[in-house]
Amino acid sequence: MPATLAQFVELCERLAGTGSKLQKRALMAEYLHALPVPEAGLAALYLAGAPFAETDGRELKVGGALLSRVIAQLSGASQPAMLAAYLRHGDLGGAARDLLEVRSTVPTLTLPDVADAFETIAGAAKPAAKQQITLGLLQSATPLEAKYLIKIILGDMRTGIKVSLVEEAIAAAYSAAIAEVRNARMLNGNLPEVLELAASGRLGEARMKLFHPLGFMLASPVETVEEALQRFSNEVAEEAKSAPPETRQDGPAVKDALLKEAQLEDKYDGIRAQIHCGSPEQPGRVALFSRSREDMTVSFPEIVEAFAGFDNPLVLDGEILAWSRGNEGVPDGSRAVADHALPFASLQARVGRKRVTAEMREDTPVVFMAFDLLYANGEMIMEKPLHERRRALEELVQREQPRTRVGSRLSSMASGQQTELHFGEVAAADSFARLVLAPAVQLQSVEQLEQAYVDARARGNEGVMLKARHSIYQPGRRGLAWLKLKRELATLDVVVTAAEYGQGRRAGWLSDYTFAVRDGDGLRNVGKAYSGVTDAEIARLTQFFLEHTLEDFGSVRTVEPLVVFEVAFNNVMRSDRHDSGFALRFPRILRIRDDKPAEEIDTLERVAEIYESQLDKVV
Ligand code: AMP
């Protein structure tokens, strides 16, 4: 008998009702174990809050606005009733359950029925058709089933289950080693397939599949050079315990030795990207993924062209940068100003572009600045220490860079003259490569770090990165093995939760934004800002928020928490104006972070930390 949705949602309720991770894992394992394998695969996927496997490539493209319309249609609820329900739960799934109680439905849906409906929704081109199919699905669901279907559709289960816990449950259900399950999923990117391998004891057969994003390793922020050194020394001291003997030293030499464990790089202000290419099965295919796991390939055709010729499967980690050639024309070929990255603003026009014109390509040359190598020569090398990955990366760039060269006749962009690029021309002396190796040095002294920071800022980069040379690449982790030292003043990455119509010149535009930081599974507002965005950006945001409104209160709308801002501020105050208990003083929007998913915004803890650090300075 196929797995019923009723049973699945009952499990979800129990999962949401227990705070214990152990218990959650045990409940899931027991449930999965009792199901036939293909259905257990679907269940695992849905438990993780995903309608499709990562390698699948399909998307539902159904958002809160469409779902709200469907719920209103099915329940007949008025706007105020919808709003009240939403406010009670703070999530659409929970609200829908309340609102749909007016209907009585007998549970009949199975997990394969849900999979079929998702497939049809993804296949429907028009929103109206998607809405009709979604309506059909929710019509057959009980209120409780609708609650979880909506959560899966929106990709946020709020049961406290992350994919890593589902991996653990799979391991427990089929008596497999958790490390093997994790490894298999990282390589193959398809949870149902991994479950099938685990169930049949074949996890060892999982192979790396290119063209699905691996998790990105992230860096922890530090505010000052001193803090960077302190944190980094602690991290390295930990790592050094397991490091080769020559790095394990005692006495006064320790600090020096620890310092030298640091690899120093510039922190670039571009778009973090993972590039997959060189598949023998799919020659010429190149994929670029953002750190929010989105496929950005179509937005950067020149990078695709440059990497299409690779015949060795590769996964590189790096940053897409708008590139400026240095001053040319110095007789001996040297340049007074070196090639360098342009600030993020130059790239902004390319973010999310589906069609890239020849003009855009010419106006903004882009390169891929590689700083890590994750997969090469048929081997996953994330588990190797950074210094080994770095060596492999350097060799690779040396060998492969010529393929990525673009013949060019460039006049100096720095002096603002017209740039002419002739793509596909035979490489000339002044050509440039699309693949660039991020310069890195081994740190020698505190003074060098201070100088490096100043130099990086002078080059127009955001700051510096310190990376532990013995650290492995930890996908999806923000650890202390990578530290970022950026602006002198702290900034916060926040998500917009409400938008308000402006006044005067901005009347008619949603130009005032309330924003929040993360607090566990929830969000807490910390401020409201309206300065720092251009008119064009306000127009774009207005359109977006109109389409992603949760509730319309007239002059203010609560919106789906999707748009991430980087905000600067003067200081943090205690305040009861927002539900966080804090308010940012004089917040200003530095930029819209299209590259950052809402899951990765800063936390309430971070706000409290900044608050505390201010106190330290006053005392
Ligand atoms: P943030 O976006 O502020 O959380 O800082 C982390 C980001 O710094 C990464 O996602 C990268 O986009 C970016 N980054 C810039 N330069 C580097 C580098 N050399 N190594 C690693 N990450 C870098």
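**Entry 1: the ligand**

I began at the ligand, where one of the ligand's oxygen atoms lies 3.2 Å from an N or O atom in the side chain of Lys267. I note at once that I am reading a predicted model, and I keep that in mind for every value below. I then looked up Arg593, and here too I found a side-chain N or O atom close to the ligand, with 3.0 Å between that atom and an oxygen atom of the ligand. Asp266 takes part through its backbone, since one of its backbone N or O atoms is 3.0 Å from a nitrogen atom of the ligand. Which residues come nearest to the ligand? Of the 16 residues around it, I wrote down Glu265, Arg291, Glu319, Lys467 and Lys484.

**Entry 2: the open sheet**

Next I followed strand S2, which covers residues 262-267, into its sheet. I found five strands in an open sheet with mixed pairing, and I read their order as S1-S16-S15-S2-S14. Strand S1 (218-222) and strand S14 (440-442) are at the edges with a single partner strand each, so one side of each has no neighbour in the sheet. I also looked up the twist, and neighbouring strands are turned against each other by 35° on average, with direction ignored.

I then took the pairing of S2 with S14, which is antiparallel and runs over three bridges. In this pair I located Gln263, which stands opposite Gln442 of S14. As a reminder to myself, strands of a sheet pair through backbone hydrogen bonds, in a parallel or an antiparallel way.

What packs on this sheet? I found helix H18 (residues 446-458), which touches S2, S14, strand S15 (463-468) and strand S16 (478-485), and whose direction makes about 135° with that of S15.

**Entry 3: a second pair of strands**

I looked at strand S3 (residues 271-277), which is joined to S4 by four bridges, the two running antiparallel. Within this pair, His276 is opposite Ala287 of S4. Are the faces of strand S4 (residues 286-289) covered or uncovered? I found both of them covered, with Val286 and Leu288 buried on one side and Ala287 and Phe289 buried on the other.

**Entry 4: the cores**

I turned to the nonpolar cores, remembering that in soluble globular proteins nonpolar side chains tend to be buried together. The largest core holds 75 residues, and those with the most contacts inside it are Phe8, Leu32, Tyr46, Leu47, Leu111, Phe118 and Ile170. I chose Leu111 and listed its contacts beyond four places in sequence, among them Ala3, Leu5, Phe8, Tyr31, Leu42 and Tyr46. A second core, separate from this one, has 49 residues, including Leu218, Leu259, Leu321 and Phe371.

**Entry 5: helix H3**

Is helix H3 (residues 37-47) mostly covered or mostly open? I found it mostly covered, because nine of its eleven residues are buried. The buried ones include Glu39, Leu42, Tyr46 and Leu47. I then asked what covers them, and the answer includes helix H1 (5-17), helix H2 (21-34), helix H7 (111-123), helix H9 (143-154), helix H10 (163-173) and helix H12 (191-199). Just after H3, I noted that Gly49 takes a positive phi of about 80°.

**Entry 6: three single residues**

I looked up Glu13 in helix H1, and with a relative accessible area of 27% it is partly exposed. Which residues does Glu13 touch, leaving out those up to four places away in sequence? I wrote down Arg97, Leu144, Lys147 and Tyr148. The side chains of Glu13 and Tyr148 make a polar contact of 2.7 Å, although the two residues are 135 apart in sequence, with 9.2 Å between their C-alpha atoms. A further polar contact, of 3.3 Å, joins the side chains of Glu13 and Arg97.

Thr142 sits in the loop between helix H8 (127-139) and H9. Is Thr142 buried or exposed? Its relative accessible area is 12%, and because the cut-off for buried is under 20%, I count Thr142 as buried. Not counting residues up to four places away in sequence, Thr142 touches Thr105, Val106 and Pro107.

My last residue was Glu566, placed in strand S22 (residues 564-568). Glu566 is buried, at 0% relative accessibility, and its side chain makes a polar contact of 2.8 Å with the side chain of Thr491.

Technical notes. Residues numbered from 1 in each chain as written. Predicted model: local features only at pLDDT ≥ 70, side-chain atom pairs only at ≥ 80, totals over all residues. Heavy atoms only, no water. Pairing = 2+ DSSP bridges. Axes fitted to C-alpha atoms, helices over the stretch in contact; angles between N-to-C directions. Contact = heavy atoms within 4.5 Å. Core = buried A, V, L, I, M, F, W, Y, C linked by side-chain atoms within 4.5 Å. Buried < 20%, exposed > 50% of the residue type's maximum accessible area, 1.4 Å probe, protein only. Near = heavy atom within 4 Å. Polar contact = N/O pair within 3.5 Å; in protein donor to acceptor, adjacent residues only side chain to side chain.
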